[in-house]
Amino acid sequence: MFETIIGMSEEIKFKHVIPVQIRFSDVDQFGHVNNSVYFSLYDLAKTTYFEDVFGDLHDWSKLAVVVANINANFLSPVFFSDELIVETAVVHIGNKSMTLVQRAVNKKDGMVKCECRTVMVGYDVATKEPIAIPDSYKDAICSFEGKTLEELSKP
């Protein structure tokens, strides 16, 4: 549960899970995955989450989402031989922003190695300004997560 680490008051059900490959270049001189690599893994998982949830609904040339804030807790090292999955869930939707929680988990033993909280903001590519997240996107996220907008809009 994320209560003490991420500050969430309820158990998060991760419906989006992808396997990620640890590359030789991801490992540092100490023999474990360097902390900076996790953000690339989380970006990959965010991208596939959006593709899976929005499908043809999304046009990256018009609307983007950009990272406004990102925080990670590194709980246990990941080594080159580990099989890793990244789990992603949207836990909050606001007017112009959404909050995602992600975890890097050892596939073999289920141990959470790192967890991340990201606030992303809707962004109009043409005007280069923040914009409201379209209702169709909110509906798609709610449907995927199995929650109502009211549930995901709670602070």
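## Tyr38 and its ring partner

At 2% relative accessibility, Tyr38 counts as buried. This is a predicted model, so take everything here as computed from predicted coordinates. By the ring-pair rule, the count comes to 7 aromatic pairs. One of them joins Tyr38 to Phe74: the ring centres sit 5.3 Å apart and the planes make an angle of 65°, which puts the pair in the edge-to-face class. The two rings come from distant parts of the chain, with Tyr38 in helix H1, Phe74 in strand E2 and their positions 36 residues apart. What about Phe74, is that residue buried or partly exposed? Phe74 is partly exposed, because its relative accessible area is 36%.

## A stacked pair in H1

Phe50 and Phe54 make another aromatic pair, this time stacked, with 5.6 Å from centre to centre and just 5° between the planes. They are 4 residues apart in helix H1, so about one helical turn separates them. Phe50 counts as buried because its relative accessibility is 4%, and Phe54 is buried too, at 5%. Ring pairs also tie these two into a cluster with Tyr49, Tyr137 and Phe144.

## Helix H1 itself

H1 is 20 residues long and spans 29 Å from first C-alpha to last, close to the 28 Å you'd expect at 1.5 Å a residue. Its buried residues include Val37, Leu41, Ala45, Lys46, Thr48 and Val53. Yes, there's a lysine on that buried list: Lys46.

Which elements do the buried residues of H1 pack against? They pack against strands E1 (16-20), E2, E3, E4 and E5, plus helix H2. Right after the helix comes Gly55, with a positive phi near 55°.

## Two nonpolar cores

The largest nonpolar core has 17 residues, and Phe50, Phe54, Val90, Met98 and Ile141 are the ones with the most contacts inside it. Helix H1 (35-54), strands E2 (63-74), E3 (84-93) and E4 (97-106), and helix H2 (135-145) each give two or more residues to this core. Another core lies apart from it, made up of 15 residues, among them Val20, Val33, Leu41 and Ala45.

Ile141 is a handy place to start if you're looking around the largest core. Setting aside neighbours within four places in sequence, Ile141 is in contact with Tyr49, Val53, Phe54, Val90, Ile93, Met98 and Leu152.

## Strand E5 and its partners

Strand E5 (residues 112-124) has 10 of its 13 residues buried, so the rest of the structure largely encloses it. E5 runs antiparallel to E2, with 11 bridges joining the two; for instance, Val67 has Met120 in E5 as its bridge partner. E5 also pairs with E4, again in the antiparallel sense, over 9 bridges, and here Thr99 stands opposite Val119. E4 and E5 form a hairpin with 5 residues between them, where Gly110 in the turn has a positive phi of about 75°.

Strand E6 (residues 129-130) pairs with E5 as well, in the antiparallel sense over 2 bridges. There, Tyr123 has Pro130 in E6 as its bridge partner. The hairpin of E5 and E6 has 4 residues between the strands, and Lys128 takes a positive phi near 60°.

## Val78, a buried loop residue

Val78 is found in the loop between E2 and E3. Is Val78 buried or exposed? Val78 is buried, because its relative accessible area is 0%. Leaving out neighbours within four places in sequence, Val78 is in contact with Ile22, His32, Val33, Tyr38, Leu84 and Lys113. Val78 and Val105 are 27 residues apart in sequence, while their C-alpha atoms are 9.2 Å apart in space.

## Cysteines

How many disulfides does the structure hold? The count is 0. Cys114 is in no disulfide, and the nearest cysteine sulfur, that of Cys116, is 6.6 Å away. Cys114 is buried, because its relative accessible area is 0%. Cys142 counts as buried too, at 8% relative accessibility.

Notes:
Residues numbered from 1 in each chain as written. Predicted model: local features only at pLDDT ≥ 70, side-chain atom pairs only at ≥ 80, totals over all residues. Heavy atoms only, no water. Core = buried A, V, L, I, M, F, W, Y, C linked by side-chain atoms within 4.5 Å. Buried < 20%, exposed > 50% of the residue type's maximum accessible area, 1.4 Å probe, protein only. Contact = heavy atoms within 4.5 Å. Pairing = 2+ DSSP bridges. Phe/Tyr/Trp six-rings, centres within 6.5 Å; stacked < 30°, edge-to-face > 60°. Disulfide = S-S within 2.5 Å. Expected span 1.5 Å × (residues − 1).
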